[in-house]
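I opened this model to look up a few things before going back to the bench. My notes follow in the order in which I looked.

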Amino acid sequence: GFPEEIKKFKECSESMRARLIKNSFEVIDKHGKNISEVEQILSEFKPDIYVIDHAQKISAKGYGNKYEALSDFVNRLQDLAIKYDVAIVLNSQINRGGEFLKGSGDLEEAADTLLFLDWVCKDDPEHEDKQEFRIEVQKQRHGACDSAIINFDARYYSFSSRVTDANRLMKVIK
């Protein structure tokens, strides 16, 4: 029930807090990164994982259009991931009604794994299950593709499993 979820959330929060204290964690909040700035960060901080949010915010200076800039950025990110032995997670918002990753440069082609995340009631306010959150593995270079439904509680920004689907999905992602 609900008290169990609160207990799990507190345990998870404490565990995450301990991990963050033990390990270094740096947030750099600046829009429009270019590839040189990314490489400087990778060189200086030597992270194990580097996350870039909202791929479409990268700088298009010196390119004919955003598509060309994003394609070049993605291809050069691959080179940097290899050079600095870092996992790079590039987040991108897609047009829900449009083509698959339309205008996204080489995102689909370059990615090892593509995950689609969808909080169902956000797009369909009439949807009865307000906690239904879908995860779809659209591409997995080294394994199978699958999907799962998990719970999302917006009040606490917390996710919890619908046990069978979440366990099945974790086997696919690994």
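Entry 1. Which residue forms a salt bridge with Glu39? I looked it up and found Lys83, with the closest N and O atoms 2.8 Å apart. I note here that this is a predicted model. The pair links distant parts of the chain, since Lys83 sits in helix H3 and Glu39 in helix H2, 44 residues apart. I then checked the accessibility of both partners. Lys83 has a relative accessible area of 55% and is exposed, because the cut-off for exposed is over 50%. Glu39 comes out at 25% and counts as partly exposed.

Entry 2. I looked up one more residue of H2 against Lys83. Ser43 is found in helix H2, and its relative accessible area of 32% makes it partly exposed. The C-alpha atoms of Ser43 and Lys83 are separated by 9.8 Å, with these positions 40 residues apart along the chain.

Entry 3. How many salt bridges does the structure hold? The count is 6. I wrote down two besides Lys83 and Glu39.

The side chains of Arg76 and Asp72 meet in a salt bridge, at 3.3 Å from N to O. Both residues lie in helix H3, 4 residues apart, which is about one turn of the helix. Arg76 has 36% relative accessibility and counts as partly exposed. Asp72, at 26%, also counts as partly exposed.

Arg141 and Asp112 form a salt bridge through their side chains, at 2.6 Å from N to O. Arg141 lies in the loop between strand E4 (132-140) and strand E5 (147-153), and Asp112 in the loop between H4 and strand E3 (113-119), so this pair ties together parts that are 29 residues apart in sequence. Arg141 is partly exposed, with a relative accessible area of 41%. For Asp112 the relative accessible area is 41%, and this residue is partly exposed.

Entry 4. I stepped back to the whole chain. The protein chain has 6 helices and 6 strands. Read along the sequence, the pattern is α-α-β-α-β-α-β-α-β-β-β-α. The chain has 174 residues, and buried residues make up 27% of them. I also looked at contacts between residues at least 6 apart in sequence, and 48% of these join residues at least 24 apart.

Entry 5. Next came the nonpolar interior. In soluble globular proteins, nonpolar side chains tend to be buried together. Here the largest nonpolar core has 17 residues. Which of its members touch the most other members? I listed Val38, Leu42, Tyr50, Ile52, Leu70, Phe73 and Leu77. The elements that give two or more residues to this core are helix H2 (35-45), strand E1 (49-52), helix H3 (66-83) and helix H4 (107-110). H3 gives the most, with 6 residues.

I picked Tyr50 from that list for a closer look. Leaving aside neighbours within four places in sequence, Tyr50 is in contact with Val38, Ile41, Leu42, Val86, Ala87, Ile88 and Val89. Of these contacts, Val38 and Leu42 also appear among the core members named above.

Entry 6. I then turned to the second largest pocket. About 500 Å³ of space lies in it. Which residues lie nearest its centre? They are Glu5, Phe9, Ser158, Phe159 and Ser160, out of 18 that line the pocket. Helix H1 (2-22), E5 and strand E6 (158-160) each supply at least two residues of the lining. The largest share, 8 residues, comes from H1. By type, the lining of this pocket divides into 8 nonpolar, 6 polar and 4 charged residues.

Entry 7. Last, I looked at one acidic residue in E5. Is Asp153 buried or exposed? Asp153 is found in strand E5 and counts as buried at 12% relative accessibility, because the cut-off for buried is under 20%. Leaving aside neighbours within four places in sequence, Asp153 is in contact with Gln131 and Ser158. I had already noted Ser158 as one of the residues nearest the centre of the second largest pocket.

Technical notes:
Residues numbered from 1 in each chain as written. Predicted model: local features only at pLDDT ≥ 70, side-chain atom pairs only at ≥ 80, totals over all residues. Heavy atoms only, no water. Core = buried A, V, L, I, M, F, W, Y, C linked by side-chain atoms within 4.5 Å. Buried < 20%, exposed > 50% of the residue type's maximum accessible area, 1.4 Å probe, protein only. Contact = heavy atoms within 4.5 Å. Salt bridge = Lys/Arg side-chain N within 4 Å of Asp/Glu carboxyl O. 1 Å grid on protein atoms, 1.4 Å probe; cavity = no way out; pocket = protein on both sides within 12 Å on 5 of 7 lines; lining within 4 Å. Points joined across faces, edges and corners; volume = space filled by probe spheres on them. Nonpolar A, V, L, I, M, F, W, Y, C, P; charged D, E, K, R; others polar.
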